Amino acid sequence: MRCARLVLIMSALLVLGIEPGATQSIPIPQILDRGMGEVFGRGDEKPGSYVSPSANELVPRAEEVGVPQLKALRSFDPIALPERPGALPGLSTEIDLPNLPAYAPQRKLDPQQFRPNAELRLEAKLTADGEPIPGGVLWRLFSAVPSLDGRPFLVATSEAPTPSFDVPAGGYIVHVAFGRSGVVKRIDFSGISSKEVVVIGAGGLKLDATIAPESVAANRSRLRFDIYTAEPQEGERELVASDVPPGQVVRLNAGTYHVVSTYGSVNARTQADIKVEAGKLTEATLQHRAAYLTMKLVRDHGGEAIADTAWTITSMSGDVLRESVGAFPSMVLAEGEYVISARNRQKVYQRTFDVKAGHDSDVEVLLSDLVDPGGEGVGSGD
């Protein structure tokens with residue numbers, strides 16, 4: 001039986017293409033698991049896990065990839081210490097040491113000792129002869145050599161008024177932002193500690209508005225400003241700052257800007273070109289010709305407003321300016337003539353009215369202003 005089993009194993013090895021000399025590194029049970037089923041027609045048996053010789057050959061040796069070899073620790077015989085010179089026989093060989101404290105206080109190290117000698121210090125000013133900006137500055141330092149994708153490589157950022165960057169010698173691009181203002185400057189750093197002053201050339205702009213003709217202060221909760229560049233870019237002005245509230249100081253580069261003031265949310269707008277000077281705060285007040293109005297649908301003049309009314313305000317050219325629902329809709333409209341329509345219970349009431357600048361008032365639509373389906377249907381205002 002043992003001979004028959006040996007013959008069977010040798011036959012299997014020949015069928016699988018494995019020479020007998022190679023079997024020493026391969027466990028015999030694994031060969032049987034992965035090959036004998038196919039040899040004898042039992043294909044339903046799946047091969048087990050194994051590592052083929054060809055796979056082992058593909059694994060690089062440790063010394064070829066720089067991995068240190070694990071070696072057994074070597075043992076060394078103890079080294080005999082020399083005797084202290086001048087020691088007499090029979091005397092103690094211990095070394096006499098002075099009394100030392102249990103611990104010695106650690107010297108506090110100065111962080112500056114560990115900083116490189118070369119520092120690139122930066123400082124920002126609004127004007128060349130002005131004082132350094134005390135705060136609110138954002139610094140971005142880029143390498144003058146772009147990255148592989150062509151974009152500038154960011155080296156460091158800081159929000160300190162006068163930052164110091166420990167960088168090697170070379171070319172750099174510094175971008176400093178101060179509010180909505182900013183400037184870009186190239187710096188060639190020699191590697192010697194030095195200070196570079198960046199002049200932004202910026203100023204401040206503070207906006208407000210009044211209502212004509214009495215120059216009454218406008219309600220600030222309904223007032224907003226948009227700031228654009230003065231010169232159009234490709235037919236359009238570039239937006240610099242939007243939705244700026246009145247009284248807020250906007251930091252801008254020196255130059256001329258186009259300011260649009262919006263009062264309310266319908267059509268009360270005014271605009272002007274304003275010049276900003278470096279190192280100065282420019283205060284500008286724009287003037288609106290508009291009024292704040294409240295709409296009412298009533299039976300008689302001074303009567304109680306009828307609820308559940310839908311409103312539509314249109315210009316005399318037919319453009320729809322505002323739509324709302326309620327008994328007392330309120331809005332700001334620019335000076336001019338308008339058509340107001342009120343719909344209640346499938347009936348439409350309509351009339352024209354005038355808006356006078358600075359005259360806040362109620363606009364009443366009477367039930368007698370009912371639109372005649374077969375007629376003009378638009379009543380005249382007071």
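Is Glu123 buried or exposed? In this predicted model, Glu123 has a relative accessible area of 11%, which is under the 20% cut-off, so the residue counts as buried. Glu123 sits in strand β1, made of residues 120-125. Leaving aside residues up to four places away in sequence, its contacts are Pro132, Trp139, Thr162, Lys195, Glu196, Val197 and Val198.

## The chain as a whole

Let's step back for a moment. The protein chain has 382 residues, and 31% of them count as buried. Along the way there are three helices and 22 strands. If you take the contacts with a separation of 6 or more, 56% of them are between residues 24 or more positions apart.

## Two nonpolar cores

In soluble globular proteins, nonpolar side chains tend to be buried together. Here, the largest nonpolar core holds 41 residues, and Ile227, Met295, Leu333 and Phe353 have the most contacts inside it. Strand β16, residues 290-298, gives this core its largest share, which is five residues. There's also a second core, separate from that one, with 19 residues; Val176, Phe178, Ile187 and Phe189 are among them.

Leu333 is a good place to look around. Not counting residues up to four places away in sequence, Leu333 touches Val266, Asn267, Ala268, Ala290, Ala291, Leu293, Met295, Ile313, Tyr338, Phe353 and Val355. Two of the names on that list, Met295 and Phe353, also appear among the residues with the most contacts inside the largest core.

## Two strand residues to compare

Next, try Val259 in strand β13, which covers residues 255-263. Its relative accessibility is 0%, so Val259 counts as buried. Beyond residues up to four places away in sequence, Val259 touches Leu205, Leu207, Phe225, Asp226, Ile227, Thr270, Gln271, Ala272, Ile274 and Leu286. Take Phe225 from that list: Val259 and Phe225 are 34 residues apart along the chain, while their C-alpha atoms are separated by 6.8 Å.

Now turn to Gly170, found in strand β5, residues 170-178. Gly170 has a relative accessible area of 28%, so this residue is partly exposed. Its contacts, not counting residues up to four places away in sequence, are Ile187, Asp188 and Phe189. Ile187 and Phe189 are also included in the second core. As for Val145, it is 25 residues from Gly170 in sequence, and the two are 9.3 Å apart in space, C-alpha to C-alpha.

## Salt bridges

Side chains of opposite charge can pair when their charged atoms come close. How many salt bridges does the structure hold? There are eight, and the table shows some of them.

| Pair | Closest N and O atoms |
|---|---|
| Asp208 and Arg220 | 2.7 Å |
| Arg224 and Asp243 | 3.2 Å |
| Glu335 and Arg289 | 3.0 Å |

Asp208 forms a salt bridge with Arg220, and this pair links distant parts of the chain, 12 residues apart. Asp208 is in strand β8 (residues 202-211), and Arg220 is in the loop between β9 (216-217) and β10 (223-229). Arg220 has a relative accessibility of 44%, so Arg220 counts as partly exposed.

Arg224 forms a salt bridge with Asp243, and here the partners are 19 residues apart, with Arg224 in strand β10 and Asp243 in strand β11 (residues 239-244). At 32% relative accessibility, Arg224 is another partly exposed residue.

Glu335 forms a salt bridge with Arg289. Glu335 belongs to the loop between β19 (330-334) and β20 (336-344), whereas Arg289 belongs to the loop between β15 (281-288) and β16, so this pair ties together parts that are 46 residues apart in sequence. Glu335 is partly exposed at 39% relative accessible area, and Arg289 is partly exposed too, at 44%.

## A pocket to look into

Finally, have a look at the second largest pocket, with a volume of about 170 Å³. Which residues are the closest to its centre? Of the 15 residues in the lining, they are Ile211, Val216, Gly358, His359 and Asp360. β9 and β16 each supply at least two residues of the lining, and β16 accounts for the largest share, three residues. By class, the lining has 10 nonpolar, two polar and three charged residues. Strand β16 thus turns up twice in this report: it also gives the largest nonpolar core its largest share.

How values were computed
Residues numbered from 1 in each chain as written. Predicted model: local features only at pLDDT ≥ 70, side-chain atom pairs only at ≥ 80, totals over all residues. Heavy atoms only, no water. Core = buried A, V, L, I, M, F, W, Y, C linked by side-chain atoms within 4.5 Å. Buried < 20%, exposed > 50% of the residue type's maximum accessible area, 1.4 Å probe, protein only. Helix = DSSP H or I, 4+ residues; strand = E, 2+ residues; numbered from the N terminus. Contact = heavy atoms within 4.5 Å. Salt bridge = Lys/Arg side-chain N within 4 Å of Asp/Glu carboxyl O. 1 Å grid on protein atoms, 1.4 Å probe; cavity = no way out; pocket = protein on both sides within 12 Å on 5 of 7 lines; lining within 4 Å. Points joined across faces, edges and corners; volume = space filled by probe spheres on them. Nonpolar A, V, L, I, M, F, W, Y, C, P; charged D, E, K, R; others polar.
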